[in-house]
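I set out to record, entry by entry, what I looked up in this structure. The notes follow the order in which I consulted it.

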Amino acid sequence: MTISVRPDTMDPAAPPRRPRRSTVSRVIAYVLLSLGALACLLPFLWMLSTSLKSSTEIFSFEPSLLPEALRWENYVRLFEALPMARMLLNSVFVTLTVTLGQVTFCCTAGYAFARLKFPGRDKLFVLYLGTMMVPFMVTLVPAYAIIRELGWINTYWALIVPQFFGSAYGTFLMRQFFMTLPQELEDAATIDGCGPLRIFWKIFLPLTKPAVATLAVFNILGVWNDFLWPLLVIQDNDLKTLPIGLATFQGLYATDHSLLMAGAVVSLIPMLIAFLFAQKYFVEGIALSGMKA
Amino acid sequence: MSTQITPAAGGRTPQAAADQEEAEVRRGHEAERSDRTRAEARLGWYLAGPAFVVMLAVTAYPILQATFDSLFRFKLTAQDEREFIGLGNYSMILTDPVFWSSMWVTLLITVVTVLVELVLGFALALVMHRAVRQLRGLLRTAILVPYGIITVVSAFAWFYAFDINSGFVNSWFSWVPGIDENLNWFAETGPSLFVIMASEIWKTTPFISLLLLAGLAQVPGDLEEAAEVDGATWWQRLKRVVIPNMKAAIMVAVLFRALDAFRIFDNVFIMTGGANNTQVLSLLAYDQSISRLEIGLGSAISVLLFLCVLLICFAAIKLFKVDLAGARGEG
């Protein structure tokens, strides 16, 4: 037993060995890479530079990427002109709460759909998957009517509850992941007298870190980005999240591009932190979501 | 199984007694097993239950309500004049050129962005796949930057960049034929759609390239090496080995993105608001339901949008022959 090969030491994300890679293809790859990175980053660099320019500079005839002087005071003005701190707090609170709920309910539902037998399971799953295809626009007005009936307009409830109890996409992702875990693991635990709930909690859940990281990041991005729904249910300035806050204040400061771009940069920072935090699990997580050929 | 468990009728012979005993033991096992099955089923329903309730509350009920509303002439500001008109809203929409023009614009945006993103995303994924280990983390994060920016804000940024007064595009790219400092991108349909699509592509290519990178990681390396040893060119290896082995990943990426692109809203809402024939279906439904409070008409557009999405999914699933609900990724 001790001499067995340990496949777990192999890095699943490592590229296949490529014994004879020519210098030419390497150079081409790096040129492509640099161009791609530049294309990805150029609009962002422009945002960053605009956020540090004065307004006369923004409207000059010869726009340059580098600002004449770094006007960090634009960021101070941003926090003075808009309730940025409050908007950040709202966005962070809503995003974290929704993600916590999503991860919990997508994990449990994904596990049930993948590993437990119950009547109607597969039919229910197909139906649930079908909800992924429903455009948000279709449910918008009736959902708004429900929220109004509940008296939740202008509350955090309206932003959190509709998304809290899981989503088809997340459940799909977790189900695919749970299906790839070996049956032997479950059988061994059952023989040792483990019930399904304990198998889930003690054995399967610890193995799902990559999938949970993926789900969490997709979710954080999605909620952070949400525009239309908050726009409808929130009018109170104190409850505005970043997207609607920045977009509505845009109307008030229409010519002050540097303010909005500073807002863009500030709103990106929490996402970068989330990426850096999760990215080592991230790609492996998608790789394990069952999209096998 | 059930035929084996015969009712034990007064067994007199030793053989019969043994049979009976055995049957009883078996029945005991079965009771235990069905107990466990029942417990498992109950747990299954408890765990999947929230998903079911959400489906009913957030999707099923609203769809039924929207379909119901779409059969009425119903304006929120004139609630008393609500009137059942059957398929009246649908015939009105389907004969309206504005609907068809938004339909074509939406389809055009979907097809162009998904195709371009697929090619770009694939190139990025290939490069990321081969990048040296030390750079990989940095690369992934850099590539994900556009994806992390709020769409509404990125829409404003692209709008400013192409703006005739403050944008850098006109002065930096004046060497490109057709671009000069007097070009007003948002005055005409073609250039407006170009900017909308460019912004959409910039924003979501990272997503598709991540999905494709995951697919690439699953192509068996020895297969590719064998092809290389046999003298296959880079293009042949890509076409005959890599792509066929990641068909399912490509399909999922295309389907997710196509569904998303078909519902495009934020970029158009911010940049043109649907002016100059850049109206898309989501925005049209929004304008009717939210801006004009024509709930009946807006609901009918939404239902039509839903039918189109169903059609796309159906076509995609038939075309790629992949079963999303299937077990263990046997796509």
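**Entry 1. Between the domains of chain B**

I looked for salt bridges (a side-chain nitrogen of Lys or Arg within 4 Å of a carboxyl oxygen of Asp or Glu) across the interface of domain 1 and domain 2 of chain B, and the rule finds zero. I then counted residue pairs in polar contact between domain 1 of chain B and domain 2 of chain B, both residues at pLDDT 80 or more, and the count is again zero. For a polar contact I required a pair of N or O atoms within 3.5 Å; within protein, one must be able to donate a hydrogen and the other to accept it, and residues adjacent in sequence count only if both atoms are side-chain atoms.

I noted the bounds as 14-69 for domain 1 of chain B and 95-327 for domain 2 of chain B; such bounds come from an automatic or database domain assignment. Four residues from domain 1 of chain B and five residues from domain 2 of chain B take part in the contact, where contact means heavy atoms within 4.5 Å.

The two domains of chain B bury about 320 Å² between them, 75% of it on carbon and sulfur atoms. Buried area here is the accessible area (1.4 Å probe) that two parts lose on being put together, summed over both. Of the area that domain 1 of chain B buries against domain 2 of chain B, Ile63(B), Ala66(B) and Asp69(B) supply 85%, more than any other three residues.

**Entry 2. Basis of the values**

I worked from a predicted model, in which local features need pLDDT of at least 70 and side-chain atom pairs count only at pLDDT 80 or more, whereas totals for chains, interfaces and linings use all residues. Residues are numbered from 1 along each chain as its sequence is written, chains are lettered from A and ligands numbered from 1 in the order in which they are written, and side-chain values use heavy atoms, with hydrogens and water left out.

**Entry 3. Between the chains**

I turned to chain B and chain A, which bury about 9200 Å² between them, 74% of it on carbon and sulfur atoms. The rule finds zero salt bridges across this interface of chain B and chain A, but three residue pairs are in polar contact between chain B and chain A (both at pLDDT 80 or more). On the side of chain B that touches chain A, helix H1 (residues 14-69) of chain B gives the most, with 21 residues. I took helices (H or I, at least four residues) and strands (E, at least two) as DSSP runs, numbered from the N terminus. The contact draws 100 residues from chain B and 104 residues from chain A.

**Entry 4. The salt-bridge network of chain B**

Over all chains I counted eight salt bridges. One joins the side chains of Arg257(B) and Glu117(B) at 2.8 Å, N to O. This pair links distant parts of the chain, 140 residues apart: Arg257(B) is in helix H10 (residues 247-262) of chain B and Glu117(B) in helix H3 (residues 97-130) of chain B. Both Arg257(B) and Glu117(B) are buried, meaning under 20% relative accessible area, with exposed over 50% and partly exposed in between (1.4 Å probe, protein chains only).

Arg257(B) also meets Asp260(B) in a salt bridge (3.3 Å, N to O). Asp260(B) and Arg257(B) are separated by about one helical turn, because they are three residues apart in helix H10 of chain B. Asp260(B) is partly exposed, with a relative accessible area of 42%, whereas Arg257(B) is buried, at 1%. Salt bridges that share partners join Glu117(B), Glu200(B), Arg257(B) and Asp260(B) into one network.

**Entry 5. Chain A**

I found 14 helices and zero strands in chain A. Of its 293 residues, 51% count as buried.

Asn90(A) is in helix H4 (residues 84-115) of chain A and counts as buried because its relative accessibility is 0%. A polar contact of 2.5 Å joins its side chain to that of Tyr156(A).

Thr248(A), in helix H13 (residues 242-252) of chain A, counts as partly exposed at 32% relative accessibility. A polar atom of the Thr248(A) side chain lies 2.7 Å from the backbone oxygen of Ile244(A), and the side chain of Thr248(A) reaches the backbone oxygen of Gly245(A) at 3.2 Å.
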